[in-house]
Each structure stands twice: as C-alpha cells, then as structure tokens.
Amino acid sequence: MSLLQLSDIRVSYGKAEVLHGVDLAMAEGRIVTVIGANGAGKTTLLNAAMGVVPSSGTILYRGKPVPPSVEGRVAAGMCLVSEKRELFGSMSVEDNMELGGFLRSASERAEARADLYDRFPRLKERRKQLAGTLSGGERQMLALARALMSRPKLLLLDEPSLGLAPKIVAEILGIVAELRSTGVSILLVEQNARAALEIADEAHLMELGEIRRSGSTDEMAADPAVVEAYLGGG
Amino acid sequence: MALDRRLIGFVGIAVVAAVPFLPIPPFWITLLNNIGLASLVAIGLVLLTGVGGMTSFGQAALVGFGAYTTAVLTTAYGFSPWATLPLSLLAGALVALPLGLITVRLSGHFLPLGTIAWGLALYYLFGQIQLFGRYDGITAIPPLELAGHRFFSSGSIYYVIWGCVIAVAIGARNLLDSRVGRSLRALRGGTQAAEAFGVDIVRAKLTVFVLAGVLAALSGWLYAHMQRSVNPTPFGLNMGIEYLLMAVVGGAGHVWGAIFGASLVLILKDLLQRFLPDLVGITGNFEMIVFGILLVAILQFSRDGLWPLILRALPARKRRPLPKADGALGRRKLAPEGTTLVKLEAARKTFGGLVAVNDVSFDVKAGQIVGLIGPNGAGKSTTFNLITAISPLSGGKVIFGDATASAKSPREVARHGIARTFQHAKVLPEMTVLENVALGAHLRGRSGVVRSVLRLDRAEEAILLAEAETQIARVGLADYRDRPAGDLALGQIRILEIARALSLDPALLLLDEPAAGLRHGEKQELAELLKKLRAEGVGVLLVEHDMSFVMGLVDHLVVLDFGTKIAEGNPAEVRRHPAVVSAYLGGVS
Amino acid sequence: MEFTILAFLVQDGVTNGAIYALLGLALVLVFAVTRVIFIPQGEFVAYGALTLAFLDVGRMPGTAMLLVVFGIAAFLFDLVETRLRPGLPALARSAAINLVLPFAIYTAALFIVPTEPNAFVKALLTIVIVAPMGLYVYRIAYRPLSDATVLVLLITSVGVHLAMMGLGLAFFGAEGFRARPLTAGSFSVGFMPVAAQAVWIYGVTIAAMVGLYFFFEKTLLGKALRATAVNRLGARLVGVRTQLTGGTAFVLAATIGAVSGVLIAPITTVYYDTGFLIGLKGFVAAIIAGLSSFPVTALAAIGVGLVEALASFYASNFKEIIVFTLIIPVLIWRSLTTDHHEDD
C-alpha cells in the first residue's frame, strides 16, 4: 500500500487549469522528489496534496481518502513546509515550535522539543528570538523543526533550498536526508535538481502541469532530457 | 432570433412611460418615484463600488447636500427650482471632491470605514445647522414648474424622475463602454496594470467618486421637489446602508442591476413596513432585520448579486461587429538602433537590513534583446520592479532615454513609451480580450468623461479598438477577441499581456517571465515575435527562467545572484562564466 | 475653566474611554484573528445593558429567547453542512453547543429571574446570556465567508449590525433603560466624588487587559489565536482550525461587549441603537492602533473619551461630529503607513 497516492489531480486558478491530471504514488519510508522549472506546477501539486488549494481527483493517504481540510490532514500525520516557510514572524522561536505541536499533548510537545533542540542546536540558542529576525537558513531550520513538532508521518517539503547560499543548502538537505532514519517519509519539491537527486530515492519531472518522466534518481540523473533541461549540461 | 436585448430595453421604457395611465393605486406611483430616486443613487454606487471597487456607506449624506441646496435656495432666496438644479449638482460635486480626495487615499477596508465616519458626521451636521432648520428641516419647497404647469402630483413628477433615471442609466452604460470606462473598470483589481499603461489611478477614482456624488445630488434635488420638505432623517447612515444594499442586490457591476436592486429593496421595505409591525406587535423599523439578513445572505450565496441571474435568463447579447475605423493611430518614431533606451546606474533596493538589489548597472539599447537571469530569489523581480517604478529605488538611478531623472511612477514609465507584462498576469478577467488589449492603448486616445457619456468619442474609439484588434491578431489570439479574458488558459493570458503591451506602441518592452506556462510551439512563436520587434528597432528586456528560450534569443545577458550582478555578456560568454555555472545551474558545492 | 470642571471632565472622559478601550480591544482581537471588521460589536453592548436593565426589574430579557433562536439557526447551518458528510459525533457536538447550551441558559434564566438575585448574579447571568451569541453570529454570518475579502466581510458586518440592531428593537422596544449600579454610592478622592460604578469600570478594564495578556502570552490556545493573526496559512499548517480561533475570538468579543454593557448600563440610558455609536468610538481607537496593537488601542480609547468629554462641554451639539470627524485624519494616516494590497 502506498503511503500517499495521488490520482488524476487537477487544479484550476479561475478558469485556467494548471495541473492537468497528475498521478503520483509514494511508498512509506522513501524520499521522493519532484523537479521541474518555475511554473511547472510543483508547488501547486504539494498544496493540492495538503489541501491548501482545492483540487479534483483522488488523494489516498495510507489507503484511505484524506480528510478534507488542511487541519484534518495535519491531524492525520501530514505536514507541509511551504516554500514561503509560513512562520509566525512576530512570535518567538519557542512559540513557533510549541504551535508546531498544537495537536499534541503537553508532554509529547516537551519531548519533541527537547529532541529537536538536540538536532538543531542553533534554534535552541535562539529560542527567545523572534522568528522574523532569523537568517534565511535559520528560518528554514525553524520551519522544519516546527513541522517535526507535529510528529508527521509524511513531510511535504517545498523548495527548502530557496534563497539559501549553497553551503546552507547542503546543510539543510543533509538534515532532510537524515530524517529518513526517523521513519518520516518525504515528498520533496526542488528546483535545485542536482541537490534533490542526490538525496532522493526516486524522482518525477514536471512540465507545464504534468509529470513527464519518472524513475529512480540514478535513471533520472542519466536521462538526457532531464540533463539538458534541468542539470545545465550541454 | 426575434428577441434581443435592445428590444427588451425598448419595451421596458415603453412600460415605464405607460405606468401613470394604468389604473393603479396612487401609492404605487409614489413607490415608483421613490424607486427612481433611489436608482439614481444606486447607479452612482454601481460606478463607485462595482466598477471602481470603492465601497461607500455615505452616499445618503451626498443626497442630502443636493436636497438642502435647492431647499435653502428656493425657500430662503427665492431661486426658481430649475435654476437650482445645476447648483445642487455642483454642491454634490463640490462636497464629493474633498471627501473623495480624502477617501480615495484610504486603502482597502479603511475606505468604507471612512465613509461610515463622514456619513455619520454629515448627518449630525445637517441636524445642527440653523440655515437647514436643524432637525425640523425645511418645509414649503416649491414644486417644479414647466410652462405654467406645476408638478404637484406624483404622476407628473414621475416623468421627470424616470426620464432622469433612463438618461443616467444610458449615459453610465456609454461611459463604461469607452476609453475612460476601461480605465475605470480597471480600478477594481487591476490598478497595477492600468497604471503601467498610463492610467492616472487617483484621478480615475476621483472621477467616479464625483460622478456618484453628482448622481446622489440629482436624486436629492428631485427628492426635495417631490417631497417639498426636507429633514436630516433620510440622509443618515441607515439610508446610506440601504443604498449599498440596493447596489449589492443588483450585483454591483451592472447599471440596470442598480434599478432592479432599488426596486426590490423598496418594494420589500414597503411590504415589510406594512406587515411586520403587526407580526411583532409593536411599531418600528423592523425591515432592518430583514435587510441585514438579506445583505448577509446575498454575500454568502450570490456574491455577484441577483441581476446576473436574471441576465442569464435573457437572450445572449449579440456579438457586436467592430465599428469601422476611419484612420489609424500614429506610430511612435523609434530611436535608431543602438540608442540607449534604459540605463541602470548602481540601482539599489534594501528592505530593512536586507539588500535585495545591490548596485546593479546595465542598459538596454534599441534593437536589442537583453535577458536578465539568475536563480530563484536572486533579485530579478525586484530589479524589474525598480525599472518599472513599482517600488522606489533605495539608491542609484534608472534613466529612460534622454530623461535626466528616474521615473517616479509606473505611469511616468509608460509615458516614456515603455510597456511591460507581469510575472503573475494581471488582466481583468471580466473584460473581453479586446477591451483588455485596448487598455494598453490608453495613452494613445484623448476622449474624456463627457465625450464618452454623450458618445462623441466613437470615431476615436473605433480607431483604438482597431489597433487593439491588430495587436490581438499579431499574437494569434484573434479567435478569442470577444471572450472574457478570464476564459483563457494561463499561456494565452501571457500572450494577451504581450498584445496589450504592444498596443502602447512601445519603444521598449519589459517582459517578466513571458515563457513560463507556454507550450513549446507557443514559445517559438513568442521568440519569432520578439525577433521581429527587435528588427523593427524595439528594445526588449526579459526576465526569464527558461534557459533554452533565453539562450537562443537574446543578444546580451545579465546574471544576478543574491542581488548582485555576477556576470554580463553574450550568451556564449555567460554560459562559460564559472560564477554563473555554480550559482545559476545549482549543485551542492 | 475651573479646575473642578476640568477634573470632572477628565474623570468622565477616562470612564467612557475605559469602555471604548474594552471595545477597541475586542475589535482588534476579532480583526487580527478573523479579518472581520466587527461593526456589530456595539450591539452586544446594547444587548448586555438592556438585558441587565430587564433583570433589574424582574423581567425576562428578550435576549434569552434570541439566544435560543441563534442557536437553532447555527444548528441548521451545521446540519446543512454535515449532510454532505454525515457523522454522528459531529452532529452530537453541534447539538450540544447550539441547542442544549442556549436552552439550558434560557431555562436557568427562567428560574433565576423571579428570585430577584443580587447585582452580581444578574451581571453574571447577563454575560452568560450574551457571550455565546458571539459564537453563533460567527457560525451563521462569517464562517461561510471565511475565504472572502476584508471588504466583503465588512459589508457582511454592516448587514449583521443592521439585523442585530433590528432584533434589539424587536426584543427590547424603542424605549431606553438604565440599570442599577453594581454597587451604589460614591466616595471622594480629595475634593472630587468618584462613583463606585466608575471604579468598577476601571477595575474591570484593567482586569480584562491583564487577563487577555495572560491568555495570549501563556496559553497554547491564546498563542494559536496570535499565530492565526500573524499568519493564517501558517496556523492552518500546524493544525490550528480556523473555526476554533474564529469562534474563540467572537466569543471573547461578545463577552467583552456584554461586560461593557453591564458596566455602562447604570451610568447612561441605553436604547436599542446606543451600542452602535459606542462601538464606533471603540473603532476610532482601534483604528488609531492600526487594528493591531492592544496597548495603543487602550491609550487611544482614553484619548477618544477625553476628546468627547471636552467636546461635550465646549460644543455639546457638535460632540458626535467632532468624534467621527476625528477618525478621518487617522484613517488617512493609517492608509499611508499600511502596506496596500490591491486585491484585498
């Protein structure tokens, strides 16, 4: 059984359809990446999976239809780290983390927080600071940590490398790769295709609202079409 | 088909004219008079709210100014009622102008709150002015008089009122279907695009504000001579809310809907006032409960009002052939190839401590296509916004042609002959493709409000529309000319934006990610079009992500990363540049 | 002007200002969390004051019945919504909140009213009757519009205001009422007599502010409300339901309105439409604070109270004109300093 199975997902903004029937299935414990150019519909796909934008088609999560609302999906164990991070800028790092565990009990929150402070010592140092004053890399870490506070089964990661210097991208993606060992499955959307292919197990290439190619990361990295368009060869 | 809308319109007018001859109770005529008066205000609100996107709860106070002006002048100074008509309208305009100047500067939700505030303040003011008879008001206002006939009866003033309503409704429709009308219709949700094509937004807003004020004053003038007495009550906030309810019921974008809304609300009010007190057991204005619920229900279930539902039942409007254009628009004399069209000198933008654009310099020449590229978040869009004066420079200069200083507004940029498209396409979804594109030619026409209302603008309008049609055909959207822009696919909307930009007859074209969302064939057509423009001597600057599209097209590339220009040169050079390879093409170092 | 007169005016201004502050806080709270500009806030004040006045004379207040009506309407809205995806627990919860609760309050009122309880019981009963209305008003009018623009929500608010004011007229009549103070009498500070009711007003205002501060800073629900205000999508992404925060904000607002009504009922005659003007003055304060800052709202509210007190002394006929004209420069200033988002 797939952890997440998207079938014939269509999304329209006004009358213009931007996702034209996307099918995608991912198994538990995997890191799956969706790569593609700006405007290909990658972010829309994640938002549809999370319920942030309305879509048609079916979304099965652990074999059952997903709850209709974003909040219901969070409660079911899905969690989206948006491209824009969506932090609570005028609240402290610690409050952001607390709210990440909104649906958890106080003791679960305390445990998760201690755990995440170990993993992100930088956030522990800055726990009293306002989220809005953090640097780009720290914000991305906080977004990840906040998401992990909810103890998700499936993490939807949208462009974690966006706007970050290469060194920090490596650090963040390193953390993402490690998450697999904690039992979190990850659907990763990245424009930085090379970096994404390095940590993922399988990859899908999106173009103009459709999935054009799918395969293991090795196959995809060797695919001339992918190389030409997204890996900057030629 | 036998029935068309024009015929329905004529039948409607004939029925309106026949009403006083029908054997109906006199209070029906009174009710119809009230509906007519309210319709005038509601049409003003349609222009203001539905078209201009500005919600006003304060129109009743403006009706008051029209009414009090004639009441005071005719009773205290012996003016004849007809002589006070222009003065009443002027009073409406003169009060609306400063209120508008204040109000149009209020953004978003502050604006309706502001109208509530001045609506209340003016109401209390009416009740305090000695000249206005304080809360008692003014009585014994003379009736209208024409060739010895005095309009005492409600049946006779009926024709004056409904004559005004029909004339105003037709005038308003004429206005909306014109060059000025397009700029007004862009106020709701399309101000950025309109401004980029030279529409003076503040002036357009003021125009509708004053027009709505004049219509309210006209209603007030008629009211004073129908009622022959005035006091502050009908000019209070509750009435202001009722007028807005009429506009919302009608569907705030429709002129005829305003008359429909006024009818529905006032008939309902009449029925409720007759039957509700018996139901509740005490007297009072209980219709407000129903009106309040009605307002909320319409917003919840039919946010565009009820008129569109009726329109759907009517036969579809016939596709209008374009009027025959007598002549064509003059073309800009393009600068010789190689002339600098825009020059960035250490352009800089900071947000708080963050440097988004770090002293970037480059220029675009006539007959040249320049690409501005860089990874996500590199500052391309911010740079684009600096060039188009959407956001102000923190330092440095952006000089167009032989200008000496940076442009201060997108409107000024447009006047330099610079047209743009938007990354997130900004078209007006309810306007047709033709109208959207014609908006691009705004600066190439001159007709104003009065000419439009009176249809003296038709010759110029025909030429503007012909130009728009030419550009639509040029980009290959001819089949969609009369469709609402909202019906188009995303790629087509991007193409539509390019046609709109071409309607400005630009010397320089600024394109923000034009190829995003285009299919392969569409991209090729776009590239061909841009090459053709280049050959004509137009300069093009494009921000683009699609490397294959850019590489084959541009003469010159500028690469940004983290807000700083890291490379510049022809595509082959840039492609080999080590900083570019590592920054733009990604990879974990 | 004599010093005593000035002192009286200041006292008067501060007393009214404290009420405006309470209402201003509620308006800021509701706007921040739900983007609703809550024009009907004042109606809760009138409902609170008139309910208390009715209880004072041993009459069953119409609001108790109104509460039941609101509850039934809210239940019907839930029913229509859940018919799409039926679920017994959801239906049971809806029935408990929307039917059982108001009916229990109504029944309790039925028993308590004839016993001529003391002032505090009456005040408490008033609040218990009015506060849940916030939830129902949210459920009926605003929740179906949660995706609408601020402007549409504002027009909705005007509709709700109109309906609630009309209902106030239907249930309480056009006559004005004044309630008995919580504690009668006055005492003097130096040369100036201070009414005991004024002290209640100051005390409750301060207590409400402190209470809100703790709620927002120390409780997870309070933080969730703040988070919703800061970033609506962010809040949803961590599992904070909009219905929860919206409902909480409206109940708090209705509670604050009812409390304000209880506080002013003894110092001024309240008509069914008095609340609107009082609420609007809270608005002036809330807007000065950009609909965002609680402390600035409180300070601005005191300022509005003082301006009003001075205006009523120097130009009593023009009092309302001055107060409502005051809002316009403030709005302009706010427009110029707030980021403008075209399509919002």
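# Exercises on a predicted three-chain model

B:A140 has 9 other C-beta atoms within 10 Å, and this residue is therefore exposed. The model in which this residue sits is a predicted one, and the exercises below begin with B:A140 before turning to other parts of the structure.

**Exercise 1.** Work out where B:A140 lies in chain B, and what value its phi angle takes.

*Solution.* Begin with the position: B:A140 belongs to the loop that runs between helix 5 (110-126) and strand 1 (145-146) of chain B. Next, take the backbone angle, for which the phi of B:A140 is near 55 degrees, a positive value although the residue is not glycine. To judge this value, recall that most residues other than glycine have a negative phi. Finally, return to the surroundings: because a residue with 12 or fewer neighbours counts as exposed, the 9 other C-beta atoms within 10 Å place B:A140 in the exposed class.

**Exercise 2.** Decide whether A:E159 is buried or exposed, and find the loop to which A:E159 belongs.

*Solution.* The first step is to note the angle, since A:E159, which is not a glycine, has a positive phi of about 45 degrees. The second step is to locate the residue in the loop between strand 7 (154-158) and helix 7 of chain A. The third step is to count neighbours: the cut-off for a buried residue is 20 or more, and A:E159 is buried because it has 24 C-beta neighbours inside 10 Å.

**Exercise 3.** Describe the open sheet of chain A, stating which strands form its edges and which helix lies across strand 1, strand 2 and strand 4.

*Solution.* Start with the order, which is 2-1-4-5 for this open sheet of four strands with antiparallel pairing. The edges are then strand 2 (16-26) and strand 5 (64-65) of chain A, each of which pairs on one side only. Strand 1 (residues 4-13) and strand 4 (residues 56-61) of chain A are joined in the antiparallel sense by five bridges, and one can follow the pairing to single residues, since A:Q5 has A:L60 in strand 4 of chain A as its bridge partner. To finish, add helix 1 (residues 42-50) of chain A, which lies across strand 1, strand 2 and strand 4 of chain A and runs at about 110 degrees to strand 1 of chain A.

**Exercise 4.** Find how domain 1 and domain 2 of chain A are placed relative to each other, and which residue classes make up the side of domain 1 that touches domain 2.

*Solution.* Write down the bounds first: domain 1 covers 1-77 + 152-234, and domain 2 covers 84-151. The C-alpha centres of these two domains of chain A lie 23 Å apart, and ten residues of domain 1 are in contact with nine residues of domain 2. Helix 2 (70-75) and helix 7 (166-179) of chain A each supply at least two residues of the side of domain 1 that touches domain 2, with helix 7 of chain A giving the most, three residues. Sorted by class, this side of domain 1 has nine nonpolar, one polar and no charged residues.

**Exercise 5.** Determine how many residues of chain C are in contact with chain B, and which helix of chain C gives the largest share of that side.

*Solution.* Counting contacts gives 42 residues of chain C against 38 residues of chain B. Helix 6 (150-172) and helix 13 (319-337) of chain C are the elements that give two or more residues to this side of chain C, and the largest share, 17 residues, comes from helix 6 of chain C. A split by class then yields 26 nonpolar, eleven polar and five charged residues on the side of chain C that touches chain B.

**Exercise 6.** Identify the residues with the most contacts inside the largest nonpolar core, and list what A:L156 touches.

*Solution.* As background, nonpolar side chains tend to be buried together in soluble globular proteins. The largest nonpolar core of this model has 386 residues, and those with the most contacts inside it are A:L156, B:A42, B:L295, C:V30 and C:V284. Helix 9 (residues 201-227) of chain B gives the largest share of this core, 16 residues. Turning to one of the central names, and leaving aside residues up to four places away in sequence, A:L156 touches A:L46, A:A49, A:M50, A:M78, A:C79, A:L80, A:V81 and A:L187.

Key:
Residues numbered from 1 in each chain as written. Chains lettered and ligands numbered in written order. Predicted model: local features only at pLDDT ≥ 70, side-chain atom pairs only at ≥ 80, totals over all residues. Contact = placed C-beta atoms within 7 Å. Nonpolar A, V, L, I, M, F, W, Y, C, P; charged D, E, K, R; others polar. Domains from an automatic or database assignment. Pairing = 2+ DSSP bridges. Axes fitted to C-alpha atoms, helices over the stretch in contact; angles between N-to-C directions. Core = buried A, V, L, I, M, F, W, Y, C linked by C-beta atoms within 7 Å.
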